[in-house]
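Ready for a few exercises with the structure open beside you? Try each task on your own before you read the worked solution.

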Amino acid sequence: MELIKIEEWKRKNYFYYYLNRNNPTISCTINLDCTNIYNISKREKVPFIVTFMHALLSFINHFEQFRIRHISDEYIARYDRIDIAYIELNGNHNFINMITKYKESLKDFYEIFKENRKKRESILN
């Protein structure tokens with residue numbers, strides 16, 4: 001992680017513009033052809049959702065702008081990597097928060113995902 005002073009950051013004008021907006025979000029709905037992701041998941045014997053999360057993280061981590069977070073009034077942080085947080089339904093119909101660290105290799109990412117699942121199961125039992 002690298003700390004950057006907002007006042008010295010080349011994108012500070014954009015930052016301040018959106019910082020004080022009431023709801024600075026963009027939403028869109030698209031038809032997404034997931035055929036390639038589906039084929040990769042079948043070929044690699046990795047669940048579709050894991051393959052999809054990995055593809056999404058690979059895209060996000062490619063762009064510096066997605067790895068930047070506002071952390072204080074004076075600083076932003078540029079992270080080396082963004083991981084994924086998600087929720088899963090546990091055995092008693094409650095949700096449990098999960099985090100899987102991003103790895104460039106789908107196989108490595110899947111191994112971490114499986115380790116997290118084992119930890120979740122041990123907590124529930």
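## Exercise 1: Placing T51

The place of T51 is in helix 3. Keep in mind that this is a predicted model.

Task: work out whether T51 is buried or exposed, and find which residues T51 touches beyond its close neighbours in sequence.

Solution.
- Step 1: take the relative accessible area of T51, which is 4%.
- Step 2: compare that value with the cut-off, where buried means under 20%. T51 is therefore buried.
- Step 3: skip residues up to four places away in sequence and list what is left: T51 touches I37, I40, S41, V46 and L106.

## Exercise 2: The nonpolar cores

Task: find which members of the largest nonpolar core touch the most other members, then say which elements each supply at least two residues of this core.

Solution.
- Step 1: the largest nonpolar core has 13 residues. V50, M53, I84, Y86, F109 and F113 touch the most other members.
- Step 2: at least two residues of this core come from each of helix 3 (48-62), strand 4 (84-89), strand 5 (95-100) and helix 4 (106-124).
- Step 3: with 4 residues, helix 4 gives the most to this core.
- Step 4: now zoom in on I84. Leaving aside neighbours within four places in sequence, I84 is in contact with M53, L57, M98, I99, T100 and F109.
- Step 5: don't stop there, as a second, separate core holds 6 residues, including I6, F15, I68 and I76.

A bit of background: in soluble globular proteins, nonpolar side chains tend to be buried together.

## Exercise 3: The three-stranded sheet

Task: work out in what order the 3 strands of the open sheet lie and which strands stand at the edges.

Solution.
- Step 1: the order in this open sheet is 1-3-2, with antiparallel pairing.
- Step 2: strand 1 (2-5) and strand 2 (68-70) each have a single partner strand, so they stand at the edges, and one side of each is left without a neighbour in the sheet.
- Step 3: for the geometry, the twist from one strand to the next averages 30 degrees.
- Step 4: look at how strand 1 meets strand 3 (residues 75-78): 4 bridges join the two, and they run antiparallel. To check the register, start from K5, whose bridge partner in strand 3 is Y75.

## Exercise 4: Strands 4 and 5

Task: find how many bridges join strand 4 to strand 5, and sort the residues of strand 5 into a covered face and an uncovered one.

Solution.
- Step 1: 6 bridges join strand 4 to strand 5, and the two run antiparallel.
- Step 2: fix the register with L89, whose bridge partner in strand 5 is F95.
- Step 3: split strand 5 by face. I96, M98 and T100 make up the covered face, while F95, N97 and I99 make up the uncovered one.

## Exercise 5: C28 and C34

Task: explain why the sulfur of C34 is not bonded to that of C28, and classify C28 by its accessibility.

Solution.
- Step 1: recall that a disulfide is a covalent bond between the sulfur atoms of two cysteines.
- Step 2: for the sulfur of C34, the closest cysteine sulfur is that of C28, 14 Å away, which is too far for a bond.
- Step 3: the total agrees, as the structure holds 0 disulfides.
- Step 4: turn to accessibility. C28 has 64% relative accessibility and counts as exposed, whereas C34, at 22%, is partly exposed.

## Exercise 6: Salt bridges around R78

Task: trace which residues join R78 in one network of salt bridges.

Solution.
- Step 1: start with E2. The side chains of R78 and E2 meet in a salt bridge, at 2.4 Å from N to O. R78 sits in strand 3 and E2 in strand 1, 76 residues apart, and the pair links distant parts of the chain.
- Step 2: add E64, which forms a salt bridge with R78, the closest N and O atoms being 3.4 Å apart. E64 lies in the loop between helix 3 and strand 2 and R78 in strand 3, so this pair ties together parts that are 14 residues apart in sequence.
- Step 3: put the pairs together. Shared partners join E2, E64 and R78 into one network.
- Step 4: check accessibility. R78 is buried at 18%, while E2 is partly exposed at 39% and E64 is partly exposed at 30%.
- Step 5: for the wider count, the structure has 8 salt bridges. Another one is R43 with E44, where the closest N and O atoms are 3.1 Å apart.

How values were computed: Residues numbered from 1 in each chain as written. Predicted model: local features only at pLDDT ≥ 70, side-chain atom pairs only at ≥ 80, totals over all residues. Heavy atoms only, no water. Core = buried A, V, L, I, M, F, W, Y, C linked by side-chain atoms within 4.5 Å. Buried < 20%, exposed > 50% of the residue type's maximum accessible area, 1.4 Å probe, protein only. Contact = heavy atoms within 4.5 Å. Pairing = 2+ DSSP bridges. Axes fitted to C-alpha atoms, helices over the stretch in contact; angles between N-to-C directions. Disulfide = S-S within 2.5 Å. Salt bridge = Lys/Arg side-chain N within 4 Å of Asp/Glu carboxyl O.
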